[in-house]
Amino acid sequence: MTAEVLRLANLRKSFGSVSALKDASMTLREGEVVALLGDNGAGKSTLIKAISGVHPVDGGEIFVRGRKVSIRSARDAMDLGIETIHQDTSLAPDLSIARNLFLGREPVTLPFLGVFAPLDFTELRRAASALLKRVGISKNLNADALVNTLSGGERQSIAISRAMQFAAKVIILDEPTNNLGVEETHGVLRFVKEVRDAGHTVLFITHNIHHVFQVADRLVVMRHGEIVAEQVVADTDLLTVESIIMGADMSTLLGGSKNHAEAAG
Amino acid sequence: MTAVTEPMELSRPRWRTTVATPQFASLAILALVLVVFAVGNPNFLSPLNISNMVAYLPELGIIALGMTLLLTAGEFDLSVGAVFALGPVVVMLLAQNGIVDIGPALLIGLLVCVAIGAINGLIVTKIGISSFLVTLSMLLIVRGAALYITQGFPLKSWDQPGFFVTLLAGSFELGSFRLYTSLWWFIALTLLAAYTLNYSKLGNWISAIGSNRNAAIARGVPADTVKIWLFILTSVLAGLAGMISAFRISAASPVAGTGYELEVIAMVVVGGTALTGGHGTIFGTIVGAIMLRAIRNGIVLVGVPGLAFNIFVGAIILVMLILHAMIRNRSTRR
């Protein structure tokens with residue numbers, strides 16, 4: 001078993017009287033793709049927002065490589081090597097690819113000028129082009145192109161590359177294949193595997209169980225703010241996973257039809 | 001440079017990508033407008049008339065700089081016209097009643113503007129009410145305050161020349177042109193704003209916040225703080241412009257700047273800055289400011305009845321916006 005990268009212990013989060021997260025615990029290990037599943041309102045988004053610092057938790061503990069940490073802001077998470085690609089909201093469409101890749105971590109000259117420090121455009125373009133080339137999407141992308149000229153799949157690839165560039169230990173993808181075409185979806189899923197092969201740990205939130213079986217090593221299911229199951233993908237099947245998500249025994253509902261699982265798979 | 005590795009089909013000629021932007025479309029229209037007025041009335045380009053236009057230009061232009069940055073970050077401020085009045089009214093009241101000297105009075109006036117901007121920014125970002133509603137209410141509060149503390153009357157003229165008066169509203173001759181020191185303020189602030197928006201780290205944050213606030217926050221950009229400071233900046237610039245104007249005409253009126261908020265927003269969007277945020281251009285704002293000033297002046301000179309003035313202003317703004325929309329729709333994928 002490889003080394004533990006991120007461990008969540010008894011995370012709790014409430015919004016008013018609603019408990020979005022109650023006692024959620026899980027562990028991510030080095031170089032694995034873990035799928036996070038659950039129905040709408042199961043607490044998936046709350047969980048990843050907690051890890052990425054968007055909504056800090058009310059209680060519980062987070063450990064990065066065994067060391068207890070406190071994540072109170074997006075900056076904290078990034079500094080700990082946790083990069084999150086939020087659904088549809090990861091890039092600023094009016095900015096160039098290069099400016100997006102370095103948003104919040106802009107290379108500057110004269111750093112003593114603080115926020116007024118001039119951007120180092122030479123370094124910005126050089127690093128952006130190098131990155132686009134390294135991740136294999138340089139063939140038709142110019143680092144100065146505005147993001148709103150790109151397709152959905154290209155945008156996801158840019159967002160994922162950005163996470164990789166800062167040598168993130170954990171990359172969290174929130175429904176990365178949402179609103180993508182078939183070909184683009186395959187491109188992104190292939191990219192997720194490449195990210196894992198490069199040694200990063202990926203937490204992959206999705207509604208699409210088929211994608212889980214294509215790329216994930218393990219899966220974690222949430223329901224009503226709790227983690228209800230953790231399974232190794234190779235040891236389970238689609239019907240079982242679906243029934244866990246629904247909170248019902250699907251095989252009895254469907255009259256024990258194994259064919260359904262095969263047809264759907 | 002990286003240009004060598006770029007594919008041919010995507011690298012449109014650089015001049016074409018530069019020219020096909022809203023701000024250059026605005027520049028072309030401005031040139032057209034100037035030519036039409038110059039042909040329509042030769043006096044349009046006389047030193048006296050140009051001096052007149054340039055005297056007014058900085059006052060709205062300075063507010064437009066702040067508004068450009070604020071709009072780029074996705075917010076706007078309708079209270080600037082009222083702040084334009086309240087700022088100098090506070091200064092004149094304090095100075096003329098002998099409460100404090102003119103220097104401290106100016107400082108207190110600007111601090112009042114800081115407070116107004118901070119309140120706008122805090123309510124918009126921390127309570128989450130749209131800037132339209134917040135600054136509309138602030139417009140009424142500030143205008144009402146200006147009227148109340150002056151009892152509705154313009155304050156008597158300030159007639160003691162001194163360092164601060166020269167600093168804000170001094171004038172000088174350049175050949176046959178008569179120019180005001182406010183022009184230097186405008187030029188300096190323009191360069192500062194253009195640098196900040198296009199070349200600094202802060203400028204990258206401002207554009208990103210307006211383009212996709214959640215993405216910016218997820219990258220660790222302090223979006224709320226940036227917005228609050230932009231509200232403060234816009235408010236302070238509106239107050240400063242009001243003080244420049246009040247010293248130039250030696251009077252502070254509680255109804256000065258009425259309607260300026262819309263004229264300033266018009267200048268900014270005519271220049272090519274998106275009303276929805278994410279894309280701002282200081283160069284375009286300068287073009288827009290000159291354009292609205294030139295139209296206001298030129299339309300009267302070419303013989304259009306003064307009361308018909310707004311028809312033309314409205315029509316030209318509409319044409320500009322249609323042009324910008326066409327340019328944008330052609331170049332982006334949604």
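Hi everyone. Let me start with what I mean by contact: two residues are in contact if their C-beta atoms, placed from the backbone, lie within 7 Å. And please keep in mind that this is a predicted model.

With that in hand, how many residues of chain A are in contact with chain B? It is 35 residues of chain A, and they meet 29 residues of chain B. Looking at the chain A side, two elements give two or more residues each to the side touching chain B: helix 2, at 74–79, and helix 4, at 121–134. Helix 2 of chain A provides the largest share, with three residues. As for chemistry, that side of chain A divides into 16 nonpolar, 13 polar and six charged residues.

Now let's move to the sheet in chain A. Four strands form an open sheet here, in the order 2-1-4-5, with antiparallel pairing. Why is one side of strand 2 and of strand 5 left without a neighbour in the sheet? Strand 2 (18–29) and strand 5 (67–69) of chain A stand at the edges, so each has a single partner strand. On average, neighbouring strands of this sheet are turned by 25° against each other, direction ignored.

Let me zoom in on one of those edges. Strand 4 of chain A, residues 59–64, pairs with strand 5 of chain A over three bridges, in the antiparallel sense. If you want a spot to click on, find A:Phe63, which stands opposite A:Lys68 in strand 5 of chain A.

Finally, helix 1 of chain A, residues 44–52, packs on the sheet. Helix 1 touches strand 1 (4–15) and strand 2 of chain A, and its direction makes about 65° with that of strand 2. Thanks for listening!

Key. Residues are numbered from 1 along each chain as its sequence is written. Chains are lettered from A and ligands numbered from 1 in the order in which they are written. This is a predicted model: local features need pLDDT of at least 70, side-chain atom pairs count only at pLDDT 80 or more; totals for chains, interfaces and linings use all residues. Ala, Val, Leu, Ile, Met, Phe, Trp, Tyr, Cys and Pro count as nonpolar, Asp, Glu, Lys and Arg as charged, and the others, Gly among them, as polar. Two strands pair if DSSP finds at least two bridges between them. Axes are lines fitted to C-alpha atoms, for helices over the stretch in contact, and angles run from 0 to 180 degrees between N-to-C directions.
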